[in-house]
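Please take some time with the model shown here before reading on. The paragraphs that follow begin with the annotated segments, then turn to the surface, and end with the aromatic side chains.

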Amino acid sequence: MAAGVRKRARAGPPPRVAGLCEQWLRRAWQERRLLLLEPRYTLLVAACLCLAEVGITFWVIHRVAYTEIDWKAYMAEVEGVINGTYDYTQLQGDTGPLVYPAGFVYIFMGLYYVTGHGTDIRMAQHIFAVLYLATLLLVFLIYHQTCKVPPFVFFFMCCASYRVHSIFVLRLFNDPVAMALLFLSINLFLARRWGWGCCCFSLAVSVKMNVLLFAPGLLFLLLTQFGLRGTLPKLGICAVLQVVLGLPFLLENPVGYLSRSFDLGRQFLFRWTVNWRFLPESLFLHRAFHLALLATHLALLLLFVLCRWHRTGESILSLLKDPSKRKVPPQPLTPNHIL
């Protein structure tokens with residue numbers, strides 16, 4: 001009996017480990033206010049929120065009604081490719097023609113098969129729930145490296161946000177797939193894995209074209225870090241990947257593929273807008289409004305390039321030179337500079 005007692009005692013955690021855990025928990029409790037305010041606790045708070053999100057997302061999937069918007073259209077579009085149609089002008093779904101690049105087709109083709117030709121909505125929701133948790137992890141890793149945002153903000157970013165749960169698991173949009181790849185590329189840029197980061201960035205663009213909005217910032221970073229000669233191979237990675245992914249469609253109808261998947265003049269319907277709902281529909285659909293937004297966007301980009309991003313005192317054209325040949329050598333990039 002005594003031997004049995006001694007054996008069970010040895011099976012428990014070593015006293016030193018138990019003491020360290022107790023000490024850590026006591027310190028965390030004493031500094032509970034700092035847990036919410038100090039960025040150095042980002043990973044701890046992020047871990048707790050990710051665990052909470054497992055339960056919250058499961059509850060949302062099983063308790064909140066799914067709303068069909070684009071999922072059936074996605075499935076119809078990729079089904080056309082499965083049936084042998086590679087002409088983008090002939091591919092369409094319930095909501096209109098296929099307007100996303102080839103990466104979208106391949107990813108949602110996989111989802112088409114996994115979800116029983118798109119009929120198993122619950123399976124699709126669980127897949128997007130996993131994607132949501134992975135995206136959260138990628139975003140938290142970015143914030144951890146910036147050391148600027150107090151951790152209490154993260155609760156409102158995920159747990160308290162109905163919209164983010166809706167986009168991922170109640171609507172099954174393609175935006176989460178594109179943004180997950182984008183956040184992965186940003187993490188790779190922060191790790192100075194520029195080639196792999198460009199690869200993932202191009203994959204994100206191949207799912208949805210709006211990721212190109214991040215391209216000016218990326219181009220500036222590449223020129224800052226490598227100059228024009230060193231930037232061209234990184235841009236080549238992005239371009240080659242787009243060609244490889246789109247090759248079956250480019251061989252069938254190159255103009256149709258490019259005009260559909262990268263249509264810069266496509267009209268956005270007023271009924272789907274959220275941010276501009278306060279405008280009259282006639283103004284929202286007016287071409288002058290679109291041009292004004294584009295001009296404002298380009299002007300702000302130029303302002304940031306000249307007044308905030310590039311403040312070395314040299315001409316902006318100095319970015320084209322090899323970094324070793326510039327009058328003012330580039331400073332090491334910090335995570336906040338990259339972001």
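What follows describes a predicted model, in which the nonpolar patch on the surface receives its greatest contribution from helix H8, with four residues. That patch, about 550 Å² in area, is made by Leu 36, Leu 37, Phe 152, Val 153, Phe 155 and Phe 156. Two helices, H3 (32-37) and H8 (152-157), each supply at least two of its residues.

Before looking further at this patch, it is useful to place the segments annotated in the record. UniProt, in an unreviewed entry, assigns the feature "transmembrane region" to residues 41-61, 98-115, 127-146, 177-195, 201-223 and 288-307. In the model, the chain over residues 41-61 is 95% helix and 0% strand, with its end C-alpha atoms 30 Å apart. Over residues 201-223, the chain is 70% helix and again 0% strand, and here the end C-alpha atoms are 16 Å apart.

Two residues with contrasting surroundings can be followed next. Thr 146 lies in helix H7, which covers residues 121-146, and its relative accessibility of 9% falls below the 20% limit, so Thr 146 counts as buried. Apart from neighbours within four places in sequence, the residues in contact with Thr 146 are Asn 336 and Leu 339. Phe 156, by comparison, has its place in helix H8, and because its relative accessibility is 55%, above the 50% limit, Phe 156 counts as exposed.

Where, between buried and exposed, does Phe 155 fall? With a relative accessible area of 39%, Phe 155 is partly exposed, because the value lies between the 20% limit for buried residues and the 50% limit for exposed ones. Both Phe 155 and Phe 156 belong to the nonpolar patch described above.

The aromatic side chains complete the picture. A pair of aromatic rings is described by the distance of the centres and the angle of the planes. With rings counted as paired if their centres lie within 6.5 Å, the model holds 25 aromatic pairs. One of these is formed by Phe 155 and Phe 156, whose rings are 5.4 Å apart from centre to centre with 85° between the planes; since planes over 60 degrees apart count as edge-to-face, this pair is classed as edge-to-face. Elsewhere in the chain, Trp 71, Tyr 74, Tyr 100, Phe 104, Phe 108 and Phe 128 form one aromatic cluster.

Key
Residues numbered from 1 in each chain as written. Predicted model: local features only at pLDDT ≥ 70, side-chain atom pairs only at ≥ 80, totals over all residues. Heavy atoms only, no water. UniProt positions renumbered as here; feature names shortened; annotations may be inferred. Patch = residues over 30% accessible without salt bridge, like charges linked within 9 Å, V, L, I, M, F, W, Y side chains within 5 Å. Areas by Shrake-Rupley, 256 points an atom, 1.4 Å probe, with all protein chains shown as cover. Salt bridge = Lys/Arg side-chain N within 4 Å of Asp/Glu carboxyl O. Buried < 20%, exposed > 50% of the residue type's maximum accessible area, 1.4 Å probe, protein only. Contact = heavy atoms within 4.5 Å. Phe/Tyr/Trp six-rings, centres within 6.5 Å; stacked < 30°, edge-to-face > 60°.
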